[in-house]
Amino acid sequence: MEIDLQQAARLLDGWDDILILAHQKPDGDAYGSAFALLWALEWLGKRARVETPDGYLPGYGFLFGNYTPEEFEPRFVVTTDVAGPGLLGPLADRWANRIDLCIDHHRINNIDAAHKLVVPEAAATCQLTYEIIRELEVPFTPSMAGAVYTGIATDTGCFRYGNTTPEAHRIAAEMMEAGADYALINKLMFDTKSKGRLEIDRLMMDTLEYYFDGRCAMISISSEAVERAGVSEEELDGIAGFPRSIEGVEAGVTLREKPDGDYRVSLRTTGELDASAICGRLDGGGHKNAAGCTVSGPLERAKVQVLAAMEPNMSQESPPCP
Ligand SMILES: [Mn+2]
């Protein structure tokens with residue numbers, strides 16, 4: 001059943017022993033929306049805890065500190081920022097059929113819940129958590145403000161993406177007034193790289209090549225480089241966005257060596273250039289501007305296959321980038 005913010009707040013107000021679930025590979029909005037809600041419920045004297053399939057990643061320790069979840073048998077289960085049951089990973093078996101309230105902003109949400117508050121217009125799930133907390137008349141502590149600020153800042157790419165709204169700015173401003181450590185949050189989320197990640201970036205830069213008159217940029221990451229830099233999967237997040245960020249580049253290709261010697265291809269494009277059509281020729285798929293596929297190695301062979309699949313699109317005269 002679809003419900004509104006007031007109904008969601010009243011529902012939460014009426015229950016105790018509340019489990020809050022966030023999605024796997026939790027990001028700033030997942031942790032931010034879950035913990036802000038947790039602390040608001042605790043302020044109301046309720047027992048609650050946050051769980052994610054990947055636990056509490058150290059990269060977000062600034063947000064939740066040394067969090068130790070309280071043990072209890074939940075009587076009410078909430079998901080925040082979870083678009084589908086698959087994103088609950090190993091937690092799905094136990095909880096996917098027991099969700100009482102789903103709070104989310106993804107356009108497509110497949111969670112099976114008794115009550116759903118899904119608002120695609122919201123820049124972040126944290127915006128909905130913020131509104132529920134307002135509705136519950138709980139004052140924002142600096143920790144809650146920091147959590148809400150983090151989710152809005154990360155989901156809007158630090159207020160740069162198209163989903164940034166005046167409302168997102170207004171809530172962020174209010175969270176600054178409530179004590180969110182915005183300078184620290186933005187430094188950690190947008191201006192800090194691990195030494196391992198920087199090492200990968202350095203090795204990756206050496207592999208940069210241009211094709212199709214500079215309209216395609218290609219990088220490759222070998223298993224050896226990943227091992228040498230000692231980076232985790234989490235630290236490699238967003239790396240595929242790099243080649244497309246170069247001036248004049250319409251197609252950014254990232255080739256990542258797999259353990260079996262084949263290559264995982266990530267293609268990012270701009271404008272009308274259809275990444276999913278290109279990857280579709282190599283038995284992959286995805287969205288119009290972001291798609292992927294797998295090609296066989298070694299590296300030089302992988303490149304040839306990708307370039308051949310791009311040829312029909314790249315030889316067309318393309319309109320200038322907006
Ligand atoms: Mn989100």
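Begin by colouring the protein chain by its domain assignment, which gives domain 1 (5-190) and domain 2 (195-314). The coordinates belong to a predicted model. Taken over C-alpha atoms, the centres of domain 1 and domain 2 are separated by 32 Å.

**The largest pocket**

Next, select Asp27, Tyr60, Met189, Asp237 and Gly238; of the 32 residues that line the largest pocket, these lie nearest its centre. The space within the largest pocket amounts to about 2000 Å³. Display helix H6 (142-155) and helix H8 (182-190) as well, since each supplies at least two residues of the lining of this pocket. The largest share of that lining, three residues, comes from H8.

**Three loop residues of domain 1**

Move to Asp17, in the loop between helix H1 (5-13) and strand E1 (18-21). Phi of Asp17 is near 55 degrees, a positive value in a residue other than glycine. Is Asp17 buried or exposed? With a relative accessible area of 11%, Asp17 is buried.

Proceed to Asp54, which is found in the loop between strand E2 (48-51) and helix H3 (61-64). Asp54 has 38% relative accessibility and therefore counts as partly exposed. Show the neighbours Gln24, Lys25 and Pro26: Asp54 touches these residues, when residues up to four places away in sequence are not counted. A distance label between the C-alpha atoms of Asp54 and Pro90 should read 9.3 Å, although the two residues are 36 residues apart along the chain.

Then centre the view on Phe159, in the loop between H6 and helix H7 (166-177). Phe159 is not a glycine, yet its phi is positive, at about 65 degrees. Why does Phe159 count as buried? Its relative accessibility is 19%, and the cut-off for buried is under 20%.

**The approach to helix H12**

Turn now to domain 2 and select Gly297 together with Pro298. The peptide bond from Gly297 to Pro298 is cis, with omega near -5 degrees. Pro298 has its place in the loop between E11 and H12.

**Helix H12**

Continue along the chain into helix H12 (residues 299-314), which has 16 residues. From its first C-alpha to its last, H12 reaches 21 Å, close to the 22 Å expected at 1.5 Å a residue. Where in H12 does a kink of about 25 degrees lie? The kink is at Ala308, shortly before the proline Pro312.

Show the side chains of Ala302, Lys303, Val306, Leu307, Ala309, Met310, Asn313 and Met314, which are the buried residues of H12. To see what these buried residues pack against, add strand E6 (209-211), strand E7 (216-221), strand E8 (251-257) and strand E9 (263-269). Helix H11 (275-280) and strand E11 (290-295) are also among the elements that the buried residues of H12 pack against.

**The cavity**

Keep Val306 of H12 selected for the last stop. The structure holds one cavity of 30 Å³ or more, and the space in the largest cavity is about 30 Å³. Which residues line the largest cavity? Select Val253, Val265, Leu267, Ile278, Cys279, Leu282, Cys293 and Val306 to display its lining. The elements that give two or more residues to this lining are E9 and H11. Val306 thus appears twice on the tour, being one of the buried residues of H12 and one of the residues that line the largest cavity.

Note on methods. Residues numbered from 1 in each chain as written. Predicted model: local features only at pLDDT ≥ 70, side-chain atom pairs only at ≥ 80, totals over all residues. Heavy atoms only, no water. Domains from an automatic or database assignment. Helix = DSSP H or I, 4+ residues; strand = E, 2+ residues; numbered from the N terminus. Expected span 1.5 Å × (residues − 1). Bend = angle between axes of the 7 residues up to and from the residue. Buried < 20%, exposed > 50% of the residue type's maximum accessible area, 1.4 Å probe, protein only. Contact = heavy atoms within 4.5 Å. 1 Å grid on protein atoms, 1.4 Å probe; cavity = no way out; pocket = protein on both sides within 12 Å on 5 of 7 lines; lining within 4 Å. Points joined across faces, edges and corners; volume = space filled by probe spheres on them.
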